Amino acid sequence: MKKFATCVMIFAGSDSEMISKLAKSIAHFFVVQNITEESKEVIYAYGMELLISDVLNTIIVLLIALFSHTLPAVVVFIAVFMGLRQFVGGFHANSHLSCMFTLVMVMMVFSYGICNVSGHITPIFSISFIMIALPIILCIAPVPHPNKPMSEELKQ
């Protein structure tokens with residue numbers, strides 16, 4: 001019964017609290033099992049929190065792709081999107097829920113576009129978006145954000 005109560009407590013609360021509590025529980029488990037040192041528990045908890053959030057986001061994106069029958073296009077989109085975000089920065093949500101919501105909205109718009117734009121117009125849209133996005137990226141990237149601080153070296 002105690003394990004059940006612990007599970008209920010972990011999943012209670014907001015999304016960020018839920019993910020954070022689950023991550024802290026996993027990190028604590030690592031300490032109890034002597035997988036890591038107690039002094040590193042906070043670091044492991046943070047890493048687990050990011051991992052759990054990324055896994056949930058990936059599952060959501062893949063479900064949208066499966067339901068919209070756009071899996072190959074979504075896989076390419078996400079690969080390009082992740083590459084861009086890694087090197088040019090951009091929006092960082094204040095919570096896991098707002099991150100998931102933003103990602104879902106982007107994926108819904110993308111999937112809608114893939115499903116409803118005629119095949120022969122797609123290259124025109126792609127080239128147009130690249131021509132618009134590339135100068136913007138080159139001019140303002142990398143984009144700093146309070147949730148992801150940037151060194152002076154990276155700003156230049």
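Q: Hi! Which residues make up the largest nonpolar core here?
A: Val-61, Ile-64, Ala-65, Val-74, Ile-78, Leu-103 and Met-107, seven residues in all. A nonpolar core is a set of buried Ala, Val, Leu, Ile, Met, Phe, Trp, Tyr and Cys residues joined through side-chain atoms within 4.5 Å. Buried means under 20% relative accessible area, exposed over 50%, and partly exposed lies in between (1.4 Å probe, protein chains only).

Q: And which elements give two or more residues to this core?
A: Those are α3 (41–68), α4 (71–88) and α5 (96–116). The largest share, three residues, comes from α3. Helices here are DSSP runs of H or I with at least four residues, strands are runs of E with at least two, and both are numbered from the N terminus.

Q: Before I go on, what sort of model is this?
A: It is a predicted model, where local features need pLDDT of at least 70, side-chain atom pairs count only at pLDDT 80 or more, and totals for chains, interfaces and linings use all residues. Residues are numbered from 1 along each chain as its sequence is written, and side-chain values use heavy atoms, with hydrogens and water left out.

Q: Thanks! Back to the core: what does Val-74 touch?
A: Leaving aside residues up to four places away in sequence, Val-74 touches Val-61, Ala-65, Met-107, Phe-110 and Ser-111. A contact means heavy atoms within 4.5 Å.

Q: What does the second core include?
A: That one is separate and has six residues, among them Ile-19, Ala-23, Phe-30 and Met-100.

Q: Zooming out, how many helices and strands are there?
A: The protein chain has seven helices and zero strands, so its pattern along the sequence reads α-α-α-α-α-α-α, with helices assigned from DSSP.

Q: How much of the chain is buried?
A: 22% of the 156 residues count as buried.

Q: And what about the surface it exposes?
A: The protein chain exposes about 11,400 Å², and carbon and sulfur atoms supply 74% of that. Those areas come from the Shrake-Rupley method with a 1.4 Å probe; for residues, only the protein chains shown count as cover.

Q: What share of the contacts is between residues 24 or more positions apart?
A: 60% of the contacts in the protein chain with a separation of 6 or more.

Q: New topic: where is Asn-34, and what is its phi?
A: Asn-34 lies in the loop between α2 (15–32) and α3. Its phi is near 60°, a positive value in a residue other than glycine.

Q: Is Asn-34 buried or exposed?
A: Asn-34 is exposed, with a relative accessible area of 68%.
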